[in-house]
Amino acid sequence: MRPAPLPSGPEHATRPARRQGSAGLEAALVTLVFVAMLIGIFDLGQILFVQQTFVARVRSAARYGVVRAYDAEAIRNTVLFGQPAAPEGMTSGIFGLTPGMVSVTRSDVGASEERITVTIAGYPYRLFSPWIGGAMTGRPVTISLPVEMP
């Protein structure tokens, strides 16, 4: 099938120009939606990555604390820096964590139910989405493990 010929005459002379303009407008709208979705996916991925990194750090620090002699500062440093001793001159840890955001508690000392609880709370997320923007505070990450008796 062949397409029907375009009508001729002065009243129909602007028809192809209008079609080009609407195609440009549609492309701009689709691009806007695509970019907004891409930024949203990036933000969600960042939130999940930071959350899982913190969960892994807290688990590692809690494991460190339950198999060694209790040292709250070493456990806190394991969360912040990935090692029991703070590196020279470092004041904040991974993703800007500070020692005030990490708490280490020991409960039921001397009992068979003795536990070490490690918590990260009050850490910020920096979002890139223009419609959300700014920083948000993440949910607390808490791990509690029983202490292994020697």
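## Burial and the helix H2 salt bridge

A residue counts as buried when its relative accessible area is under 20%, as exposed when that area is over 50%, and as partly exposed in between. Arginine 76, at a relative accessible area of 16%, is therefore buried. Keep in mind that what we're looking at here is a predicted model.

Arginine 76 has a charged partner: glutamate 73 forms a salt bridge with this arginine, and the closest N and O atoms sit 3.3 Å apart. Both residues belong to helix H2, and because they are 3 residues apart there, about one helical turn separates them. Is glutamate 73 buried or partly exposed? At 44% relative accessibility, glutamate 73 falls in the partly exposed class, whereas arginine 76 is buried.

## The other salt bridge

The structure holds 2 salt bridges. Besides the one in helix H2, there's a bridge between the side chains of arginine 106 and glutamate 114, with an N to O distance of 2.6 Å. Here the acidic partner is the buried one: glutamate 114 comes in at 4% relative accessibility. Arginine 106, with a relative accessible area of 37%, is partly exposed.

## Aromatic rings

Now for the rings. You'll find 4 aromatic pairs in the structure. One of them joins phenylalanine 49 and phenylalanine 95: the ring centres are 5.9 Å apart and the planes meet at 85 degrees, so this pair is edge-to-face, the cut-off for that label being over 60 degrees. The pair also ties together distant parts of the chain, since phenylalanine 49 sits in helix H1 (residues 15-67) while phenylalanine 95 sits in the loop between helix H2 (72-81) and strand S1 (102-107), 46 residues apart.

Another pair is made by tyrosine 123 and tyrosine 125. Their ring centres lie 5.6 Å apart with the planes at 75 degrees, so this one is edge-to-face too. Both tyrosines are tucked away: tyrosine 123 is buried at a relative accessible area of 1%, and tyrosine 125 is buried at 7%. Step back and these residues join up, as Phe49, Phe54, Phe95, Tyr123 and Tyr125 form one aromatic cluster.

## Positive phi angles in two loops

Phenylalanine 95 deserves another look. Its phi is near 55 degrees, which is a positive value in a residue other than glycine. This residue lies in the loop between H2 and S1, and with a relative accessible area of 39% phenylalanine 95 is partly exposed.

Where does aspartate 108 sit? That residue is in the loop between S1 and S2. Phi of aspartate 108 is near 55 degrees, again a positive value in a residue other than glycine. At 46% relative accessibility, aspartate 108 is partly exposed.

## The sheet

In which order do the 3 strands of the open sheet run? The order is S1-S2-S5, and the pairing is antiparallel. S1 and strand S5 (141-146) stand at the edges with a single partner strand each, so each has one side without a neighbour in the sheet. On average, and ignoring direction, neighbouring strands here are turned by 15 degrees against each other.

Zooming in on one pairing, strand S2 (residues 115-120) and S5 run antiparallel to each other, paired over 6 bridges. Across from isoleucine 116 you'll find leucine 145 in S5.

## Along helix H1

Helix H1 brings a few more things to look at. Val33, Met37 and Ile41 make a nonpolar surface patch of about 310 Å², and valine 33 is found in helix H1.

Leucine 38 lies in helix H1 as well, and at 47% relative accessibility leucine 38 counts as partly exposed. How many residues along the chain separate leucine 38 from serine 129? The two are 91 residues apart, and their C-alpha atoms are separated by 9.6 Å.

Technical notes: Residues are numbered from 1 along each chain as its sequence is written. This is a predicted model: local features need pLDDT of at least 70, side-chain atom pairs count only at pLDDT 80 or more; totals for chains, interfaces and linings use all residues. Side-chain values use heavy atoms; hydrogens and water are left out. Rings of Phe, Tyr and Trp (its six-membered ring) pair if their centres lie within 6.5 Å; planes under 30 degrees apart count as stacked, over 60 as edge-to-face and the rest as tilted. Helices (H or I, at least four residues) and strands (E, at least two) are DSSP runs, numbered from the N terminus. Buried means under 20% relative accessible area, exposed over 50%, partly exposed in between (1.4 Å probe, protein chains only). Patches are made of residues with over 30% relative accessible area and no salt bridge: like charges are joined within 9 Å, nonpolar side chains (Val, Leu, Ile, Met, Phe, Trp, Tyr) within 5 Å. Accessible areas come from the Shrake-Rupley method with a 1.4 Å probe; for residues, only the protein chains shown count as cover. A salt bridge is a side-chain nitrogen of Lys or Arg within 4 Å of a carboxyl oxygen of Asp or Glu. Two strands pair if DSSP finds at least two bridges between them. Axes are lines fitted to C-alpha atoms, for helices over the stretch in contact, and angles run from 0 to 180 degrees between N-to-C directions.
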